[in-house]
Protein chains: 4
Amino acid sequence: MNGRLLIHCHDRHGIVAAVAGFLAASGANIISSDQHSTDPEGGEFFMRMEFNFESGDLESLGRAFSQEVAERFDMRWRLTDGTAPKRMAVLVSKEDHCLVDLLWRHRRGDLNATIPLVASNHPDWANDVAGFGIAYHHVPFPNEPELIELLRGSCDLVVLARYMRILSGDFLAQVGVPIINIHHSFLPAFAGANPYQRAYERGVKIIGATAHYVTEELDAGPIIEQDVARVTHREPAETMVALGRDIERTVLARAVKAHLDDRVLVYGNRTVVF
Amino acid sequence: MNGRLLIHCHDRHGIVAAVAGFLAASGANIISSDQHSTDPEGGEFFMRMEFNFESGDLESLGRAFSQEVAERFDMRWRLTDGTAPKRMAVLVSKEDHCLVDLLWRHRRGDLNATIPLVASNHPDWANDVAGFGIAYHHVPFPNEPELIELLRGSCDLVVLARYMRILSGDFLAQVGVPIINIHHSFLPAFAGANPYQRAYERGVKIIGATAHYVTEELDAGPIIEQDVARVTHREPAETMVALGRDIERTVLARAVKAHLDDRVLVYGNRTVVF
Amino acid sequence: MNGRLLIHCHDRHGIVAAVAGFLAASGANIISSDQHSTDPEGGEFFMRMEFNFESGDLESLGRAFSQEVAERFDMRWRLTDGTAPKRMAVLVSKEDHCLVDLLWRHRRGDLNATIPLVASNHPDWANDVAGFGIAYHHVPFPNEPELIELLRGSCDLVVLARYMRILSGDFLAQVGVPIINIHHSFLPAFAGANPYQRAYERGVKIIGATAHYVTEELDAGPIIEQDVARVTHREPAETMVALGRDIERTVLARAVKAHLDDRVLVYGNRTVVF
Amino acid sequence: MNGRLLIHCHDRHGIVAAVAGFLAASGANIISSDQHSTDPEGGEFFMRMEFNFESGDLESLGRAFSQEVAERFDMRWRLTDGTAPKRMAVLVSKEDHCLVDLLWRHRRGDLNATIPLVASNHPDWANDVAGFGIAYHHVPFPNEPELIELLRGSCDLVVLARYMRILSGDFLAQVGVPIINIHHSFLPAFAGANPYQRAYERGVKIIGATAHYVTEELDAGPIIEQDVARVTHREPAETMVALGRDIERTVLARAVKAHLDDRVLVYGNRTVVF
């Protein structure tokens with residue numbers, strides 16, 4: 001079994017030794033470890049350890065960890081089974097590039113996830129999604145109650161693969177799992193509608209895309225990944241849209257993969273991506 | 001003699017033929033040509049032609065061009081002598097990386113310019129600038145009248161090489177030449193003060209720098225060049241500042257070089273950079 | 001009608017004026033123009049002009065151009081109809097990422113081409129290709145005669161979308177159309193087999209992909225497009241393979257699009273990509 | 001005091017716990033930790049730990065570490081004092097961009113080093129180096145005995161900042177400290193002389209630079225850092241040279257900084273850069 005332990009606490013003397021010592025004593029063999037401290041003197045401490053664990057179950061390990069280590073350092077922590085795929089639902093609207101890319105990567109085995117469903121406010125992608133053997137739900141707008149019905153309890157992650165409707169705070173609360181969105185600009189520039197048109201009008205020489213966790217405030221949640229591409233005066237807004245597709249799908253895929261691999265820790269409105 | 005002709009007009013049938021025909025008939029040999037149209041049907045047309053011109057003077061050529069071509073197409077145009085260096089003044093405050101880089105490139109012969117003066121609200125860089133054989137003026141803040149006195153008539157371009165004081169509209173009007181600024185963010189994100197600190201707080205994964213012409217509105221003028229660098233959760237704001245220096249000096253140098261080579265046309269709040 | 005004129009000749013005085021004048025006199029309205037000279041004094045001159053042409057046919061225009069302009073300047077030239085899609089055949093082996101990406105871009109309308117067939121030495125992608133409504137030919141290796149039979153006369157371009165068999169000089173001659181290959185390294189580094197493994201062993205910090213025209217010499221033909229991605233000591237060769245897929249498909253798509261849009265001129269073993 | 005512990009051994013159960021436990025028990029407070037394993041089952045294990053150490057001296061800590069931990073795991077290791085600057089000598093020939101950049105970064109305090117001397121087979125940079133208050137030695141070629149005399153015992157690192165003479169194996173042995181070279185291509189492409197000319201002739205679309213440790217085989221030592229820039233058909237070899245300067249100086253500076261901060265472990269012909 002492949003375990004992953006993620007930790008966040010105030011930085012103090014002896015954390016690494018305590019955690020590594022605990023795992024070694026429990027028969028877990030650390031295969032990778034990464035840590036970050038915002039300031040060794042009184043800052044925040046983050047750590048991700050991945051380990052092989054042949055002898056025993058994660059639940060018992062977690063209970064022991066809580067008592068023997070976590071309480072002492074007042075840690076926020078989680079322990080996951082790296083071999084267990086997460087259930088990832090995908091929402092999409094009129095643009096298919098992020099959707100197709102995620103489904104294709106999933107089919108290749110690049111994403112450690114199952115996809116219980118794809119839902120859309122448009123019927124357009126039913127055949128494509130069926131071709132990948134995945135259920136497609138056409139849920140015309142307004143559709144929050146229907147989406148909540150579909151998503152609640154059926155998934156561990158929702159991916160907005162260019163889903164162009166704003167979701168309410170109530171929706172976020174009811175669905176209750178992390179939601180990753182891809183926004184088609186290098187946030188915080190051009191939050192909101194029509195970013196490529198506004199990028200064109202501002203005359204920028206670089207466009208970008210941003211994958212972030214969704215919060216109640218539009219396009220303001222913790223950023224997981226960003227990337228950019230150069231443009232010149234030659235690219236009208238519609239060419240930026242086409243160039244942007246290649247960035248959007250790659251940025252979203254990287255963010256989703258990082259999340260599925262339990263590499264992302266949220267801290268305030270920022271992320272640590274190990 | 002190396003001539004450069006820059007043109008901006010409404011796009012119409014026959015512009016290239018008219019300009020190229022005029023130059024050929026005048027004995028000018030086109031050595032490079034670049035053009036851009038926002039829309040061949042009624043858009044804006046931009047062109048830059050560089051040519052060898054052995055037989056005659058640019059002034060007569062300009063007069064003939066005005067009568068024979070420019071008036072017919074209602075062109076905005078300029079004709080410059082590519083062998084004549086522009087006079088470039090540099091303003092700087094507490095950070096020396098852009099200043100040193102420009103002076104070093106100038107010494108190498110990479111910038112077709114003379115540097116009549118460097119001025120600063122701080123005395124710090126007097127020795128360095130003297131080492132390059134260039135006059136250094138320490139003009140403590142508030143200093144607009146003194147700067148205007150220094151700059152008016154003595155330069156064709158002012159470069160703000162991390163000059164951290166806001167210049168008034170009156171200053172821009174009195175100095176009367178283009179002013180290029182380097183801003184330490186990928187505009188329009190983080191316009192104004194402390195961009196790296198704000199980038200850190202927003203948790204972006206990419207930082208950048210922007211060279212733009214200065215207008216009355218702070219950090220809102222036409223963008224000439226931008227570039228970016230990746231950052232992670234590991235980089236505190238002060239490390240971003242250090243990483244940013246390498247981007248800032250390169251972006252500013254590219255923008256200055258493009259301007260000195262007459263490659264930039266301003267159109268509304270945007271630029272065409274040939 | 002949208003015409004494209006591509007020209008290559010020795011650089012001389014008056015070429016642009018002659019071509020632009022000819023097109024204007026023929027009623028063609030130039031909508032974009034790009035040119036390059038390796039040296040205005042006796043170098044090689046390249047030009048691409050795109051124009052609207054309402055009144056008449058391209059064939060007559062070409063005959064007139066040949067007599068009135070091309071012979072005088074001893075030009076190599078071609079004139080194509082930008083609205084006519086090229087016929088593009090695709091060969092693939094065991095890796096599907098470039099294939100799926102090209103088919104998906106084609107379906108979106110991003111590639112001005114028809115795809116008469118996909119052929120492979122493996123049966124694996126028959127269903128996928130059928131899903132895009134395109135004929136799939138499984139032609140087990142050794143297969144050159146069968147491939148020649150399929151391709152000769154049926155296509156204007158062959159794309160090797162990770163086709164892993166070496167093609168003979170006889171094959172190239174018989175098929176007689178340009179062939180674009182994607183090689184999974186930044187050529188000339190790691191030409192030949194297993195580039196990612198060799199990149200890992202050399203300890204490079206950057207991997208890449210190269211799209212080039214196929215010539216008899218393996219991985220040595222004119223390069224159309226390249227791109228790279230950073231790697232660290234953390235990436236074993238198999239992770240490089242996965243990262244490389246994203247670069248390969250993008251680089252190949254850009255090269256194919258440039259070719260389909262008649263933007264590529266081959267000169268010796270190099271390309272001009274307008 | 002700021003200590004750095006670098007470790008390389010075969011991967012085994014319990015290494016992290018043993019090292020972290022030892023440091024905690026010794027009163028050292030780990031402030032950053034990074035590790036890498038080529039394969040948790042029998043691969044190679046690398047680790048770098050940085051720690052505050054108020055109570056005691058590094059030498060005693062090293063002796064204790066050797067006995068209590070290192071011998072048990074058969075480790076190669078080194079322990080350095082992060083507050084002690086390394087002595088860095090710089091060799092240069094006709095190109096000043098890497099030299100000036102290193103001296104400027106050193107003056108800013110970005111490099112934790114002292115610079116006992118700059119030596120060159122040319123007299124050109126004597127004034128510049130003197131301006132930074134550093135000794136300049138003009139040692140005309142052939143000069144190996146003189147250079148060995150200058151360097152042996154006086155430095156902990158030699159940086160070849162575009163030093164264009166090949167150094168003999170005997171030189172490397174006699175000087176006896178790591179030597180970092182900047183090569184003006186993305187190795188392994190274009191090892192040896194005139195890489196930009198050869199890049200131009202091959203028609204690449206990307207140029208690069210590589211910083212590596214010098215070994216007896218030319219341009220074949222372990223790579224520390226690489227970066228690239230895009231070029232097009234428009235850039236002749238001499239423009240590539242100019243573009244390349246900006247990459248070279250940045251790549252070299254990053255590699256030197258990583259070395260000075262004890263972030264580089266050499267393993268076979270590869271590097272781990274933490």
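# Close-up views of a predicted four-chain model

**View 1. Where chain C meets chain D.** The contact draws on 35 residues of chain C and 35 residues of chain D. In this predicted model, the two chains bury about 2900 Å² between them, and 49% of that lies on carbon and sulfur atoms. On the chain C side, look for C:Arg202, C:His233 and C:Arg270, which lose the most area to chain D and together make up 26% of what that side buries. If the choice of unit seems unfamiliar, the size of an interface is often given as the accessible area lost when the parts come together.

**View 2. The axis between chains C and D.** How is chain C laid on chain D? A turn of 180 degrees with a shift of 0.0 Å along the axis does the job, and the RMSD is 0.0 Å. The two copies are thus related as by a two-fold rotation axis. To find that axis in the structure, start from C:Ala189: among the residues of chain C, its C-alpha comes closest, at 2.3 Å. The copies meet through the same surface, because 100% of the interface residues of chain C are also interface residues in chain D.

**View 3. Where chain A meets chain B.** Here the contact takes 35 residues from chain A and 35 residues from chain B. About 2900 Å² is buried between chain A and chain B, with carbon and sulfur atoms giving 49% of the area. Three residues are worth picking out on the chain A side: A:Arg202, A:His233 and A:Arg270 supply 26% of the area that chain A buries against chain B, more than any other three residues. Chain A superposes on chain B by a rotation of 180 degrees with 0.0 Å of shift along its axis, at an RMSD of 0.0 Å. A:Ala189 is the residue of chain A that comes closest to this rotation axis, with its C-alpha at 2.3 Å. Since 100% of the interface residues of chain A are also interface residues in chain B, the copies meet through the same surface.

**View 4. Chain A on its own.** Chain A holds eight helices and 14 strands. Its radius of gyration is 20 Å, close to the 19 Å that the globule rule gives for 274 residues, so chain A is as compact as a globular protein of that length. The C-alpha trace of chain A spans about 60 × 40 × 35 Å along its principal axes. Buried residues account for 59% of the 274 residues in chain A. Of the contacts in chain A with a separation of 6 or more, 65% are between residues 24 or more positions apart. The accessible surface of chain A is about 10300 Å², and 51% of it belongs to carbon and sulfur atoms.

**View 5. The annotated ACT domain of chain A.** An unreviewed UniProt entry places the feature "domain: ACT" at residues 4–87 of chain A. This span is 32% helix and 42% strand, and its end C-alpha atoms lie 17 Å apart.

**View 6. Around A:Asp219.** The UniProt annotation "active site", from an unreviewed entry, covers A:Asp219. Where along chain A does A:Asp219 lie? Look in the loop between strand E11 (206–213) and strand E12 (223–230). Is A:Asp219 buried or exposed? The relative accessible area of A:Asp219 is 9%, so this residue is buried. Leaving aside neighbours within four places in sequence, A:Asp219 is in contact with several residues of chain A, including A:Asn181, A:His183 and A:His212, and with B:Arg202 of chain B.

**View 7. Around D:Gln35.** D:Gln35 sits in strand E2 of chain D, which runs over residues 29–37. With 3% relative accessibility, D:Gln35 counts as buried. Which residues does D:Gln35 touch, not counting those up to four places away in sequence? In chain D they are D:Val16, D:Phe45, D:Phe46, D:Met47 and D:Phe274. From chain A come A:Ile30, A:Ile31, A:Ser32 and A:Ser33, and from chain C comes C:Arg234.

**View 8. B:Val241 in helix H8.** B:Val241 belongs to helix H8 of chain B, residues 237–260. At 28% relative accessibility, B:Val241 counts as partly exposed. For a sense of scale, compare the position of B:Val231: the two residues are 10 apart along the chain, and their C-alpha atoms are separated by 11 Å.

Conventions:
Residues numbered from 1 in each chain as written. Chains lettered and ligands numbered in written order. Predicted model: local features only at pLDDT ≥ 70, side-chain atom pairs only at ≥ 80, totals over all residues. Heavy atoms only, no water. Least-squares fit on C-alpha atoms with pLDDT ≥ 70 in both. Contact = heavy atoms within 4.5 Å. UniProt positions renumbered as here; feature names shortened; annotations may be inferred. Helix = DSSP H or I, 4+ residues; strand = E, 2+ residues; numbered from the N terminus. Rg over C-alpha atoms; globule rule 2.2 N^0.38 Å. Buried < 20%, exposed > 50% of the residue type's maximum accessible area, 1.4 Å probe, protein only. Areas by Shrake-Rupley, 256 points an atom, 1.4 Å probe, with all protein chains shown as cover. Buried area = accessible area lost by both parts, 1.4 Å probe.
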